[in-house]
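Me: I have just opened a model that is new to me, and I would like to understand the words people use for it. Could you go through them with me?

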There are 2 protein chains.
Amino acid sequence: MRSLEGLSINLATVRQQWNLGEAVEACARHGISAIDPWRDQVAAYGLANSAKVIKDHGMRVTGYCRGGMFPASDAAGRAAAIDDNKRAVDEAVTIGAECLVMVVGGLPLGSRDLSAARRMVVEGLAALMPHARAAGMPIAIEPLHPMYAADRACVNTLRQALDICEQLGDGIGVAIDTYHVWWEPDLEEQIARAGRDKCIFAHHICDWLVPTRDLLLDRGMMGDGVIDLVGFRRMIEAAGFFGPQEVEIFSAENWWKRPGDEVLKTCIERFRAVC
Amino acid sequence: MRSLEGLSINLATVRQQWNLGEAVEACARHGISAIDPWRDQVAAYGLANSAKVIKDHGMRVTGYCRGGMFPASDAAGRAAAIDDNKRAVDEAVTIGAECLVMVVGGLPLGSRDLSAARRMVVEGLAALMPHARAAGMPIAIEPLHPMYAADRACVNTLRQALDICEQLGDGIGVAIDTYHVWWEPDLEEQIARAGRDKCIFAHHICDWLVPTRDLLLDRGMMGDGVIDLVGFRRMIEAAGFFGPQEVEIFSAENWWKRPGDEVLKTCIERFRAVC
C-alpha cells in the first residue's frame, strides 16, 4: 500500500468546509503530512497563525497558491502585479513552502492581444526572479488548460511553460497538473524535457469528468474521469520527480458540498487505488 | 465594404430556426452565397432534395459537416466508422461540397488511453483516404479545442493535425476554426506551415466569450468575445487562403433562440465590421 507521504492536499479542495487551521488539523488527523494552501486562506487565518499551525503539525508545504496575474492594461498595473508577487514570495517563505505556484494571468480587460499578454507574463516573471532567487523561493509556472487562456492564464501548454523557464534561467520551473495538460499531444516528450531540465517542482492531480458541466468548478475526484493517472505518474517518475501527488479539486456541486472528512477519506482511497 | 462572397454560413448556426431548404432560401434572400450543411440536416431534408435546393440557389458549399468519430472499443466499431465516413464522402460529392470536415472522435467509452484513440484516428483516416481521393473529395481535419479531447476530438492543435496530414499525403488538409485554435502559442507558425503545405481547406469563425457558460453550446457571435478575428484572417491570408470565412456558432441560450433573419443580418454586419 502506498505511503501517505506521497499525498498532499491542496487546500482549495476543502475550501468550503474548513479554514486553514481546521484543514491542517483534519489532514493531520487523517495521516496526511503535506498541504498546499491558497493566499486567501492564509490571509483569512493570518500569516503568522498559518505558519504556526503548519509548523506545529509538522506539515510539508508542497506549494503556495498562487502568484501570477501579470498582464494589465497599463504600466502601473503591471508594476503593482510584480509588487504583489514579491509579497507572495515572502509569504511563501514564511510558511515554508517548497515553491510559489504561478497562475500567470490572461488578457487585460478589453484586450484581444494574446501575444502581448504573453510578453507581459515573461516580463513580469523576469522582474520577479531576482527577488525570488534572493529569497530562495522556487517559482513554479502552472500551465493552465487552454479554456482559461482568456481569463486566467495565457501559458497553456507544458512546452510553452518550459520555453519560458529556459529563457529565464535558474529558480523557475513548472507545476504539472494532470487536469490542465493531460490532453497534450507531446506530453511524454515535454515531461521528459522538464525532468532533464530539473524543473518539475510540483505535481497536481484531479480528473477530467465527461461531461464537464462548468469550465472552472467541475473538476473530478481521481478515478471519476478519463485521465490515466497511473500512466501520468509513471511519466513524472521516469522524469525523476518523486514528490507528493497534490490533490487539487474545484467542485462546487459535488466535493465542496460534502463533509471535509469524507473528502479527505476519498482522496486517500483514490490515491491508493487509481493514482 | 467587404463583398458577401467572402462569407459562408455553417448551417449549425441556424439549426434551431430552419430546415436545410429554409436555411438555403434565407441565405440567398440575404445575399449570402455559401453554406456548410450538417449531415443530420441533409438527412432530414433528403439528400436529393438538399442537392437540388443548393444547386437551384447557386450556393457554394464550403464544407460538409461532418465525418470522423473513428475511435471505437473494438475492430467492428472502427470498421463501421470507416464505412460511415465513406458514405459521408459520397454525400459530400452529391451536394457539391468543397471538403468533408472531420471531427475525429475522442476516447472510446470506458477508455483512458488517449494515445490509442489518436492512433485509431490516423488509422481510420488512412483507411478512408483511397475512397476520398477516388471521389475527388478533400478531407479537412478540424482540430478541436482541448476541452473536447475526451468526448469529441483527440486532435487538439493545428500542429498535431498538420503532422497527420504530412503522414497521410495528398487530399487531406485542415479546417481552421478560430474558436478551437485561437489560444495556440505557435499559431502563426502553424498557419504559415499549413499554407506552405497547401492544406488550408476551410476557415471557420466565431468568438470566445468571457465568461463561457457551457463547454459546447456557448460560442459567441464575432465581436462579442476576445478573439482578434481580423488578425487571424490576416494570418490565414498571408498563408495563401482566400476562401470564405464560414460562421459556425453553437449558442443554445442566445443565437439559437433568436429569429433566423436576425442571426443572418448580424453575421453580415459583424463579418463586415470585425472579421
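Reply: Happy to; we will go from the whole chain to single residues, bearing in mind that this is a predicted model.

Me: What makes chain A as compact as a globular protein of its length?

Reply: First the make-up: chain A has 10 helices and nine strands. Its radius of gyration is 18 Å, and the globule rule gives 19 Å for 275 residues; the two values are close, so chain A is as compact as a globular protein of that length. Along the principal axes, its C-alpha trace spans about 45 × 45 × 35 Å. Of its 275 residues, 54% count as buried. Among contacts in chain A with a separation of 6 or more, 79% join residues 24 or more positions apart.

Me: Why are the two copies said to be related as by a two-fold rotation axis?

Reply: Look at the superposition: a turn of 180 degrees with a shift of 0.0 Å along the axis lays chain A on chain B, with an RMSD of 0.0 Å. The copies are thus related as by a two-fold rotation axis.

Me: How do you know that the copies meet through the same surface?

Reply: The contact draws on 22 residues from chain A and 22 residues from chain B. On the side of chain A that touches chain B, 13 are nonpolar, five polar and four charged. Of the interface residues of chain A, 100% are interface residues in chain B too, so the copies meet through the same surface.

Me: Why is P138(A) called buried?

Reply: The cut-off for a buried residue is 20 or more other C-beta atoms within 10 Å. P138(A) has 22 such neighbours, so it counts as buried. You will find P138(A) in the loop between α5 (114–135) and β6 (139–141) of chain A. Leaving out residues up to four places away in sequence, P138(A) touches E98(A), C99(A), G171(A), G173(A) and F201(A). V93(A) is 45 residues from P138(A) in sequence, with 10.0 Å between their C-alpha atoms.

Me: How do you know that the buried residues of α3(A) line one face of the helix?

Reply: In α3 of chain A, residues 47–56, the buried ones are S50(A), V53(A) and I54(A). Viewed down the helix axis, they fall within an arc of 100 degrees, so they line one face. They pack against α1 (20–29), α2 (39–45) and β3 (60–61) of chain A. The face turned away from that buried side carries the exposed residues A48(A) and D56(A). After the helix comes G58(A), with a positive phi near 60 degrees.

Me: What makes the buried residues of α1(B) line one face?

Reply: In α1 of chain B, residues 20–29, L20(B), A23(B), V24(B) and C27(B) are buried. Down the axis of α1(B), these residues also fall within an arc of 100 degrees, so they line one face of the helix. Their cover includes β1 (7–10), β2 (34–36), α2 (39–45), α3 (47–56) and α10 (260–274) of chain B. Just after α1(B), G31(B) has a positive phi of about 85 degrees.

Me: And which residues touch the most other members of the largest nonpolar core?

Reply: That core has 190 residues, and those touching the most other members are L100(A), V174(A), L100(B) and V174(B). Setting aside neighbours within four places in sequence, the contacts of L100(B) include Y64(B), G67(B), A88(B) and M137(B).

Key:
Residues numbered from 1 in each chain as written. Chains lettered and ligands numbered in written order. Predicted model: local features only at pLDDT ≥ 70, side-chain atom pairs only at ≥ 80, totals over all residues. Contact = placed C-beta atoms within 7 Å. Nonpolar A, V, L, I, M, F, W, Y, C, P; charged D, E, K, R; others polar. Helix = DSSP H or I, 4+ residues; strand = E, 2+ residues; numbered from the N terminus. Rg over C-alpha atoms; globule rule 2.2 N^0.38 Å. Buried ≥ 20, exposed ≤ 12 C-beta atoms within 10 Å, placed from the backbone. Least-squares fit on C-alpha atoms with pLDDT ≥ 70 in both. Arc of directions from axis to C-beta. Core = buried A, V, L, I, M, F, W, Y, C linked by C-beta atoms within 7 Å.
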